[in-house]
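Here are a few short exercises to work through with the model open beside you. Try each task before reading its solution.

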Amino acid sequence: MQALPIFEPSEVTKPERVQALRFEKTSDSVPVLEFPRVRKEGFSPWQNYFIDQPLKDRSVEEQLFAALADAKIWTSKIAMHLDPDTRKRLFSQLDVLHDAEEWDARDKVVNLESYKSLVRAIIHHSIDCRPSLALMPSGNLLAQWKDNQAILTVEFLTGNRARWLVQNHTADGPERVSGTSPLERLRIVLAPYSAERWFDAR
Amino acid sequence: MHNMPVDDRHQLYARPPIVEAVFELRFASPVSENRSQRACDRLAKEYTKSSVKKLADVKVDFNTQQATFVNTHTNFQLSSSDLADIYAVSANSMLWARRAPYEGWEKFSSKFGAELPQVMKVLGDPQIARIGLRYVNRIDVRLDNELAHYEDFLKFRIQHDDILDPATSFQWTLVKEFTDTGLKVLVQSASVEPEIPGYAAFSFDIDVFCDSNPPSKAIDILLRVKEMRVLKNKIFEAGITDKAREYYS
């Protein structure tokens, strides 16, 4: 086998970063072969660079577009696990939440990590029922599912966590229960309140 | 399914693991910014969003500790509102991309097939130096006792002794030139950042390209890219296991 010739790969619009090595490599005196995709982040003398205005200096429309672009492009990584209608609805809800005409300068665009948590929850728990969405002042997404008088409200947090609130009317009076849980445990912690009534299509 | 022609079999995936499909043309010499802008304007009605970015090479002189921006040029990009369909053109290249969900070759090739002759004309029928067709696949593997058995999904892999099992991550690149067709391939695979709880992920990235005497007429480019796609599909089918086929069918 010959040494690896230097071929420039065809361009992709958003290259995926290879999983970082968990350990620092021992230094060598003259690196013989280093894959471009495992180079450390930062300056590389042979790459093209986009010169962008800082986000805060751009128009509101551009800031909103950039925020939505990050969310929509990230979704392409996991789109094969997402029902196409769910994806369409999520995008349309994001578009509505970021309507430039309704936008207030004090509003914050969606926090990408919060959006990822929401989508991961939908995939991990096979959530069929689509929630209504709102944007918190922090940029976190707030999702709400209703089943008659039983309401589940979940704020999706960064780091795959969720803060939830159950509001219910029992025979003994109104009930409110809240908690913060890892995303994977959402169904388990909500089981006593019949999570399936919010998550599963009948 | 195995006895079917590769092309037919490839159509059957209901949920193909394609994150991005790209058809790229590189120009033998730079085209002017004015022409790039006009090419973008020509296709603007086919897309909903447009953006313009400045691109630059950075030259660093380590002796004087000075960095200068050289060869600054402009990248014009058009996209659909869901950012799944992209057209981008700059001085040195142009590309059509389709991000997931991939809706099949017919739809993707019809789009660039219809738009290519229009922009080639506006760009002044530039000489083409390289044609590339690249498919980035992402395969998510459910963790089993904290381990991802990627060998159950991918047949192309690094052979190593048990002493390295289980490996924490991997990365490989293969390059081959098909002298009979003049096509080259750059195939890469690596473990990538997982995105779904309980899953690990790896990429299977197939880049077929032609950089020796590529055609420059739109009709010939489209014929060439069809051949490239057949090779790309053969490599994909040879590289994945039946378990992967079931998973994405």
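Two residues count as in contact when their C-beta atoms, placed from the backbone, lie within 7 Å. Please keep in mind that this model is predicted.

**Exercise 1. The face between the chains**

Find how many residues of chain B are in contact with chain A, and work out which strand of chain B gives the most to that side.

*Solution.*
Step 1. Apply the contact cut-off across the two chains: 47 residues of chain B meet 40 residues of chain A.
Step 2. Sort the chain B side by strand. At least two residues each come from β1 (18-27), β2 (49-61), β5 (93-99), β6 (128-142), β7 (171-178), β8 (183-192) and β9 (199-210) of chain B.
Step 3. Pick out the top contributor, which is β2(B) with 8 residues.
Step 4. Now look at the chemistry: the side of chain B that touches chain A holds 23 nonpolar, 9 polar and 15 charged residues.

**Exercise 2. The layout of chain A**

Write down the order of helices and strands in chain A.

*Solution.*
Step 1. Count the elements: there are 5 helices and 6 strands in chain A.
Step 2. Follow the sequence, and the pattern reads β-α-α-α-β-β-β-β-β-α-α.
Step 3. Add how the contacts are spread. Among contacts in chain A with a separation of 6 or more, 55% link residues 24 or more positions apart.
Step 4. Finish with burial: of the 202 residues in chain A, 26% are buried.

**Exercise 3. Two hairpins that share a strand**

Trace β3(A) into β4(A), then β4(A) into β5(A), and say which residue takes a positive phi in each hairpin.

*Solution.*
Step 1. Strands β3 (residues 141-147) and β4 (residues 150-157) of chain A run antiparallel and are joined by 7 bridges. Asp147(A) has Ala150(A) as its bridge partner.
Step 2. This hairpin has 2 residues between its strands, and Asn148(A) adopts a positive phi near 50°.
Step 3. On to β5 (residues 161-170) of chain A, which pairs with β4(A) in the antiparallel sense, again over 7 bridges. Here Trp164(A) lies opposite Val154(A).
Step 4. With 3 residues between the strands of the second hairpin, Gly159(A) has a positive phi near 70°.

**Exercise 4. Into the core**

Which residues touch the most other members of the largest nonpolar core?

*Solution.*
Step 1. The core contains 87 residues, and Leu118(A) and Ala121(A) touch the most other members.
Step 2. The element that gives the most to this core is β9(B), with 8 residues.
Step 3. Leaving aside residues up to four places away in sequence, Leu118(A) touches Leu141(A), Ala143(A) and Phe156(A).

Notes. Residues numbered from 1 in each chain as written. Chains lettered and ligands numbered in written order. Predicted model: local features only at pLDDT ≥ 70, side-chain atom pairs only at ≥ 80, totals over all residues. Helix = DSSP H or I, 4+ residues; strand = E, 2+ residues; numbered from the N terminus. Nonpolar A, V, L, I, M, F, W, Y, C, P; charged D, E, K, R; others polar. Pairing = 2+ DSSP bridges. Buried ≥ 20, exposed ≤ 12 C-beta atoms within 10 Å, placed from the backbone. Core = buried A, V, L, I, M, F, W, Y, C linked by C-beta atoms within 7 Å.
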